[in-house]
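Subject: Structure for your review

Dear colleague,

Please find below the structure that I am handing over to you. I would be grateful if you would read the notes after it with the model open.

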Amino acid sequence: MISSHAKDSIERIFHKAAQARLLLDSGDVCEIVAIPQGVADAMSEGNVVVLTISSIVFRLLLILHFDEDASTREYFAKDAANGAFQEIFSEIANLCCGAMNQELLQYFPDLGMSTPYVLSARCVPHLSELKPDYLSSYAITINQAVRIAATVCVCAHQPVDFVADVSAIEESCGELELF
Amino acid sequence: MIEQYCVAALIGSAVTAGLALLVHKVRSSKAMLRHDSATEDRINTLTQDHAHQSGLIDQREQEKQELESLNLQLREDLAAQSELLDEVRMSLKTAVQDKDQWAYQAKQIAGEALRLKSLAATFERWHEQMNSLMAQNRDMHEKNQELSSIVRHVVIVSLNASIEAARAGSAGRGFAVVASEVRTLAARSEELSKSYRDSLHRNDLTTTTTFQDIQAGGKMISASLSSVEALANQFQSKLH
């Protein structure tokens, strides 16, 4: 249902969005490595932020797995109050998904994006219930200290085939969607 | 002599008169000839003029016929043009009516698109219902955790009971069987609790993703309706 070109394109779009939105400082170093789905499913501790991009032909889920450990909290919510971490990380996930949405809009004119929702990481192994046509997980390391994970899940209702050109230099910071 | 003179004079006069008459006749003949020649030239000239005028008359006649024919054709063309003009007028009138109707329909489409955008409120309502469902799920998670905690406590109690039964020796055999049965039931309850927890997590995921799909789809529809509204307004403004 999803062509290999489309899968590569989705992966490139995710990489670009993650590099652009998950890093808080331009000097930060981000390493994104693909991991087997079994490894991602085994990460039962912590929570995930779930966001959905819907179109007529597919829906795409971006799931960012995070632990509220000291290094993660220090990086993403340095000056924030304790209870605000999930809200701040949800906003960052929202920006990351928004960047993917912006890229996908070039190829699919009718798109809509949900607001983020925080779930237990134990929900991730049940993604197979959605019968995804594309499921890919990544380990993301920022400055060799902050470790989060991401899963991109696409369920297609019609054949999806496109080739994304993500080489264009981003001109703006994207649209901040309020939630 | 005189008679001779008289005869001679008469003869001379007669000769002179004859000569004069002859000269006169010759002259008259010459004059007549000249006059005839001039007349003939005149006749020739007049004949040529007549032929030329006849040619001109024929030409004028032909031109007249051509003009009449052209006039007839022009009349026919005028009639056809008049008919065409009437048709164009009718078409213009119809086009103006159509334009008004299109403008009205464009206004209606824009109005409908604007009205349908209020569907976003419906999608938001569904999203709120999702929050309500997820709150119920969280409540079930907490109750399940409480149940799991109770089951773990029952396992410990059953283990203690087994230990106490062993201490009691033969008197405690029956109690040991009961304690073992309680431990088995606690283990089954624990399995059930884990399974229930998994079901709740699956339910969380499917509920969240389904409602997010509805929410995102709602935004997609709202954006499309905004485009339709903008296009209808543009079309309407162009018609006016």
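The notes below cover salt bridges, a helix and its packing, cysteines, a surface patch and some single residues.

Please bear in mind throughout that this is a predicted model.

**Salt bridges**

Across all chains, the structure contains eight salt bridges. Three of them are described here, beginning with a pair between A:Arg59 and B:Asp213, whose side chains meet at 4.0 Å, N to O. This pair crosses between chains: A:Arg59 belongs to strand β3 (residues 58-66) of chain A, and B:Asp213 to helix α3 (residues 173-239) of chain B. A:Arg59 counts as buried, because its relative accessibility is 12% and the limit for that class is under 20%. B:Asp213, at 24% relative accessibility, is partly exposed.

A second salt bridge joins B:Asp139 to B:Lys143, with the closest N and O atoms 3.1 Å apart. Both residues lie in helix α2 (residues 119-167) of chain B, where four residues, or about one turn of the helix, separate them. In an α-helix there are 3.6 residues a turn, so residues three or four places apart point the same way. B:Asp139 is partly exposed, with a relative accessible area of 33%, while B:Lys143 is exposed at 55%.

The third salt bridge is formed by the side chains of B:Glu164 and B:Arg167, at 3.2 Å from N to O. These two residues are three residues apart in helix α2 of chain B, and so about one helical turn separates them. B:Glu164 has a relative accessibility of 43% and is therefore partly exposed. B:Arg167 is exposed, its relative accessible area being 65%.

**Helix α1 of chain A**

Helix α1 of chain A covers residues 4-21, which is 18 residues. At 1.5 Å a residue its expected span is 26 Å, and the C-alpha atoms at its ends are indeed 26 Å apart, so the two values agree. The buried residues of this helix are A:Ala6, A:Ser9, A:Ile10, A:Ile13, A:Phe14, A:Lys16, A:Ala17, A:Ala18 and A:Arg21. In chain A, these buried residues pack against β1 (30-35), β3, α4 (85-105), β6 (134-142) and β7 (146-156).

**Cysteines**

How many disulfides does a search of the whole structure find? The result is zero over all chains. For A:Cys96, the closest cysteine sulfur is that of A:Cys97, at 7.2 Å, which is too far for a bond. A:Cys96 is also buried, with 0% relative accessibility. A:Cys155 is likewise in no disulfide, and the nearest cysteine sulfur, in A:Cys153, lies 4.3 Å away. That distance fails the test because a disulfide requires sulfur atoms within 2.5 Å. A:Cys155 is buried, with a relative accessible area of 5%.

**A nonpolar patch on chain B**

On the surface, B:Val7, B:Ile11, B:Val15, B:Leu19, B:Leu22 and B:Val26 form a nonpolar patch, and together they have about 520 Å² of accessible area. One of these residues, B:Leu19, is in helix α1 (residues 2-116) of chain B. B:Leu19 is partly exposed, at a relative accessible area of 48%. Its C-alpha atom is separated by 139 Å from that of B:Met220, and the two residues are 201 residues apart along the chain.

**Two further residues of chain A**

A:Val39 is found in helix α2 (residues 37-42) of chain A. With a relative accessible area of 42%, A:Val39 is partly exposed. Between A:Val39 and A:Leu24 there are 27 Å in space, C-alpha to C-alpha, and the two are 15 residues apart in sequence.

A:Ser114 sits in the loop between β4 (111-113) and β5 (117-120) of chain A. Is A:Ser114 buried or exposed? A:Ser114 is buried, with a relative accessible area of 0%. Apart from its neighbours within four places in sequence, A:Ser114 is in contact with A:Leu51, A:Thr52 and A:Asn94, and also with B:Gln212, B:Gln215, B:Ala216 and B:Lys219.

With kind regards

Key
Residues are numbered from 1 along each chain as its sequence is written. Chains are lettered from A and ligands numbered from 1 in the order in which they are written. This is a predicted model: local features need pLDDT of at least 70, side-chain atom pairs count only at pLDDT 80 or more; totals for chains, interfaces and linings use all residues. Side-chain values use heavy atoms; hydrogens and water are left out. Buried means under 20% relative accessible area, exposed over 50%, partly exposed in between (1.4 Å probe, protein chains only). The expected span of a helix is 1.5 Å times one less than its number of residues. Contact means heavy atoms within 4.5 Å. Patches are made of residues with over 30% relative accessible area and no salt bridge: like charges are joined within 9 Å, nonpolar side chains (Val, Leu, Ile, Met, Phe, Trp, Tyr) within 5 Å. Accessible areas come from the Shrake-Rupley method with a 1.4 Å probe; for residues, only the protein chains shown count as cover.
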